[in-house]
Amino acid sequence: MFSRPKSKAAFEEALRYIPGGVNSPVRALKSVGETPLFIERASGTTLTDIDGNDYTDFCLSWGVFILGHAHPDVLREVNAAVLRGTSFGIPTLQETELARLVNRFIPSIERVRFVNSGTEAVMSAIRLARGYTRRNVIVKFVGCYHGHVDHLLVAAGSGVATMGISSSAGVPESFVAHTACLPFNDRAAVEEYFRAHGDEVAAVIVEPVPANMGVVPARDGFLQFLREVTRRHGALLIFDEVITGFRLTAGGAQKLFGITPDLTTVGKIVGGGFPAAAFGGRADIMQLLAPEGPVYQAGTLSGNPIAMTAGITTLSLLSQPGVYDALNAKAARFIDRLREILAPKGIVVNSVGNMFTPFFTTGEVRNFDDVKRSDTARFARFFRHMLERGIYFSPSQFETNFISIAHTEETLDRVLAAAAEFEA
């Protein structure tokens, strides 16, 4: 049994100054019946808390560290960059260098604008889509999360779509009045909505691999269908690849599935461990951004040289031959074995590439309604079981786990053995 008295005391102190004691809600670990771990350092796949306990990390700062924590090449380049200055508010060569790398990895991003978070990237991409199409409605899908921007915090009811109902206090209904929320993987619902409102839709935004309700793969050509229906009605298709960009392949999910969106948002990996994200796409759309065009967007720390340096180093390492083949082969072996171990315990494992989620339910998990059947109490027991064996999974049934280049076969085998010990 791991002892965490220092983390518990640190949480009590944090509660005095920070709402809920954390700066992002899921870190509180309330849904799994734990108090937060306070981390002192990390290296490779190992987190070390302030009590000196080590954990093998499958959250990886929510997918950021595909190379593992504190990669020595990234640290070396970042340390050198810090000595030159941490922010200028004036262009640097690093911004263009990273933009060139992003375009090389994801050719549909003909022009790119760097920002500081995935939420900011999505907010800006949607503003740009509305400015380009001169339409107002944005279509999103139940269970797909696109950051905490007001007009995307929308709850959906049964039926084709729910409009104008916020899922957060503090968001006026008028802010979400132009957001339609449809069921994921449901062609009929999308067709019905576009028949009635197609000429009002500025864009459809989708996670090509939904990862914020856990991994729920698109089925039966659903993403290709979205590409077709948006083209037919003159709407834009936005791929939210904040999580999947640079993770599944060098070209993101859009390369994996052979689909070219009009706009793409990326984050997490693109900043190499620093706060950075980006949105980009077709040049004729992106040229509407200020200072070239009338769609305004700005940010004091956008293109920060430290984040750009970390991103350049990370993408350069990922561009080496065979990196993704080796990572995904290792992940496939591990996930296949995990699926074999957990299936008899009534647990479904969904995965795409090196991303996976164990759902504590039976039957296929195809959409958010299926996800909501999961037994969250059983998941919480599983999380605690793994934590006490030094394994840190993402602390929510509705989140994704990630495998990094730094995970070794020996480490993965130890995780499989711990999962086998779980008593369902």
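# Strands, helices and loops in a predicted model

Student: A202 is found in strand β8; is A202 buried or exposed?

Tutor: This is a predicted model, in which local features need pLDDT of at least 70 and side-chain atom pairs count only at pLDDT 80 or more, while totals for chains, interfaces and linings use all residues. Residues are numbered from 1 along each chain as its sequence is written, and side-chain values use heavy atoms, with hydrogens and water left out. Strands (E, at least two residues) and helices (H or I, at least four) are DSSP runs numbered from the N terminus. Because A202 has a relative accessible area of 0%, and the cut-offs are under 20% for buried, over 50% for exposed and in between for partly exposed (1.4 Å probe, protein chains only), A202 counts as buried.

Student: How far apart are the C-alpha atoms of A202 and R127?

Tutor: Leaving aside neighbours within four places in sequence, A202 has contacts (heavy atoms within 4.5 Å) that include A129, R130, T133, V137, I138 and L236. R127 lies 75 residues from A202 along the chain, and the C-alpha separation of the two is 9.7 Å.

Student: How many of the residues of strand β5 are buried, and which of them point the other way from V137, V139 and F141?

Tutor: Strand β5 covers residues 137–141, and 5 of its 5 residues are buried, so the strand is largely enclosed by the rest of the structure. In a regular strand the side chains alternate between the two faces of the sheet. In β5, V137, V139 and F141 point one way, and those that point the other way are I138 and K140.

Student: Which residue of β7 stands opposite I138?

Tutor: Strands are taken to pair if DSSP finds at least two bridges between them. β5 runs parallel to β8 (residues 201–206), joined by 3 bridges, and V137 stands opposite V201 there. β5 also runs parallel to β7 (residues 179–182), joined by 4 bridges, and the β7 residue opposite I138 is T179.

Student: Which strands stand at the edges of the open sheet that holds β1, β2, β3 and β14?

Tutor: The sheet has 4 strands in the order β1-β2-β3-β14, with mixed pairing. Within it, β2 (residues 46–49) pairs with β3 (residues 54–57) in the antiparallel sense over 3 bridges, and L47 has Y55 as its bridge partner. Two strands have a single partner strand each, so one side of each is left without a neighbour in the sheet, and these edge strands are β1 (39–43) and β14 (391–392).

Student: What is the phi of G44 in the turn between β1 and β2?

Tutor: The two strands run antiparallel over 4 bridges, and R41 has T48 as its bridge partner in β2. They form a hairpin with 2 residues between them, and G44 in the turn has a positive phi of about 60°.

Student: At what angle do helices α4 and α10 cross?

Tutor: α4 (residues 93–105) meets α10 (residues 305–318) through residues that include L98, L101 and F105 on one side and M308, I312 and L315 on the other. The contact has 9 nonpolar, 4 polar and 2 charged residues, where Ala, Val, Leu, Ile, Met, Phe, Trp, Tyr, Cys and Pro count as nonpolar, Asp, Glu, Lys and Arg as charged, and the others, Gly among them, as polar. Axes are lines fitted to C-alpha atoms over the stretch in contact, with angles from 0 to 180 degrees between N-to-C directions. The axes of α4 and α10 come within 9 Å and cross at roughly 35°.

Student: Which residues of α14 make the contact with α13?

Tutor: The axes of α13 (residues 376–387) and α14 (residues 409–420) come within 10 Å and cross at roughly 130°. That makes α13 oblique to α14, since angles under 35 degrees count as roughly parallel, over 145 as roughly antiparallel, 65 to 115 as roughly perpendicular and the rest as oblique. On the α13 side the contact is made by F382, H385 and M386, and on the α14 side by V415, A418 and A419.

Student: What is the relative accessibility of F246, a residue with a positive phi?

Tutor: Most residues other than glycine have a negative phi, and most peptide bonds are trans. A70, in the loop between α2 (60–63) and α3 (72–83), has a positive phi near 50° and is partly exposed at 30% relative accessibility. F246, in the loop between β9 (236–241) and α8 (252–257), has a phi near 70°. F246 counts as buried, with a relative accessibility of 0%.
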